Structure formats: structure tokens, C-alpha cells
Amino acid sequence: MSLYIEARIRADLDDLWARTQEPGSHQRWDLRFTEIAYLPCREGEPQHFRYATRVLPFLTIAGTGVSAGERRRPDGTRTSALRFASPHPLSLLEEGSGYWRYVPAPDGDGIRFLTGYDYRPRWGRFGAAVDRAFVRPLMGWATAWSFDRLRLWLERDITPERALLNALADVVLRVLCVAAAVLLLPVTALAAAALALILPPLPTTPAARRCLRTPPARARAPRILSTLATATEPQS
């Protein structure tokens with residue numbers, strides 16, 4: 001998988017599973033989605049879903065996917081896998097697949113919540129260039145930021161909505177400090193800008209930098225992902 005993000009979350013495994021598997025909870029903390037809804041399916045079949053992302057106030061890009069999970073595994077871990085696609089002509093992400101792993105730490109200090117995913121961009125060579133230069137780094141950052149937002153919700157009971165306000169306030173404060181340096185003492189403007197970028201956010205503010213972005217040597221997609229390769233289209 002081309003993108004890998006891992007967070008250490010000190011919370012109950014069932015709580016983490018619920019807030020990542022229930023669509024209503026998932027869409028609250030995941031910056032990449034505005035709406036997630038399950039579609040009807042027969043018992044025993046993989047779960048089909050519809051997702052949407054509001055790119056602009058007047059533009060929403062939607063797609064569909066299919067997922068399956070293993071809530072009880074012999075080694076105590078849990079796994080969820082999905083495949084997704086968007087027919088929207090403005091969606092750079094044409095189709096892709098990914099997984100979530102829930103791995104209790106051996107020392108009992110929380111859960112390693114990690115994801116690996118990849119996708120195929122549309123628009124040919126132009127789309128590939130835009131994806132490599134802009135979209136893929138943005139997707140990696142948004143995933144890591146969202147994972148830390150989820151961690152704050154579970155560990156400190158800071159709701160996703162409050163965490164977003166904290167993040168916006170943090171950005172505004174940094175911009176104001178740089179602006180003040182430019183107006184009052186221009187020679188310190190460069191140093192102020194550097195500090196604004198380097199200083200870590202407050203503990204109550206989500207930060208992508210708190211997540212691991214480099215996969216371990218043995219990281220690989222779970223076997224359950226292969227079972228979704230021939231999944232049927234969602235029912236209308």
C-alpha cells in the first residue's frame with residue numbers, strides 16, 4: 001500500500017471499533033468524508049456503503065464501496081478491509097482499496113490503530129502528476145490528522161467538532177503572531193514564521209505529526225482484502 005498511517009490510541013478496543021465502524025461516528029472524525037452511509041445487503045455478504053466528500057460549498061463528490069471486517073481473530077487483533085470507487089468525473093480518485101488494523105500493544109499500553117491504502121487516479125498522466133505532487137501528500141496528511149482527532153476523542157473526550165475548533169484557533173493564533181512580527185519588527189518575521197511552523201500544537205489540538213507515516217518492514221495488506229476483489233455491486 002502506498003499510504004501508511006499509524007496512531008497509538010489508549011482506549012478500549014470495543015470503543016475504538018465502534019467509532020471507526022459505525023458510519024455516524026466515522027464521518028464525524030474523518031476529515032476525508034462528509035457523509036458515510038451503509039446500503040442494504042443480505043446477511044453474510046460484505047457491507048456496501050456510499051460515501052461523499054464536500055469539496056466546495058456547491059460541489060460534492062460521491063462514490064460507493066464494499067467492506068468486510070474480522071472482529072475476532074485468534075491473535076487478539078481486529079481487521080477491516082474495503083474497496084471503493086467513484087464515477088464522478090471530477091474525482092481524481094477513480095478506485096482504490098485499503099485496510100484498518102487494530103493491534104493491542106504487547107505492553108498493554110493502548111492499541112496500534114493503523115491503515116494502509118492505495119488508489120488509482122484518473123485523467124491519465126496529468127492526473128498521475130497532480131496526484132503525486134499534491135493529492136497524495138494531502139490524503140496522507142488528512143488521514144494522519146484525522147487519526148489524531150479520533151485519538152483525542154477517545155483518550156480525552158474532546159469531540160471531533162471541538163477538536164476542529166481547537167485546530168482552527170491554533171492556525172489563527174500562529175498567523176496573527178507572524179503578522180504581528182511583520183508589522184512591529186520586520187527583521188523577526190522570518191524567525192516568527194519558522195516558529196509558527198515548528199512549534200507543536202497544544203495537546204488538545206489534532207496534529208498529523210503525532211502519527212507514524214513510515215510502515216514497518218513487514219507491513220502488508222490482510223488476506224480479507226482479497227475476498228472483496230469480486231464483490232457484487234451494491235443493491236439499488
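Helices (H or I, at least four residues) and strands (E, at least two) are DSSP runs here, numbered from the N terminus. The model is predicted, so local features need pLDDT of at least 70, side-chain atom pairs count only at pLDDT 80 or more, and totals for chains, interfaces and linings use all residues. Residues are numbered from 1 along each chain as its sequence is written, and side-chain values use heavy atoms, with hydrogens and water left out.

**Exercise 1.** Work out where Asp157 sits and whether Asp157 is buried or exposed.

*Solution.* Start with the elements on either side: helix H3 spans 124–156 and helix H4 spans 160–184, and Asp157 lies in the loop between them. Next, the cut-offs: buried is under 20% relative accessible area, exposed is over 50%, and partly exposed is in between (1.4 Å probe, protein chains only). Asp157 has 59% relative accessibility, so Asp157 counts as exposed. Finally, try a distance: Phe84 is 73 residues away along the chain, and the two C-alpha atoms are 31 Å apart.

**Exercise 2.** Lay out the fold of the protein chain and check its radius of gyration against the globule rule.

*Solution.* Count first: there are five helices and seven strands. Then put them in order from the N terminus: β-α-α-β-β-β-β-β-β-α-α-α. With a radius of gyration of 19 Å (over C-alpha atoms) against 18 Å from the globule rule (2.2 Å times the number of residues to the power 0.38), the chain is as compact as a globular protein of its 236 residues.

**Exercise 3.** Find what share of the residues is buried.

*Solution.* Apply the cut-off to the 236 residues, and 42% come out as buried.
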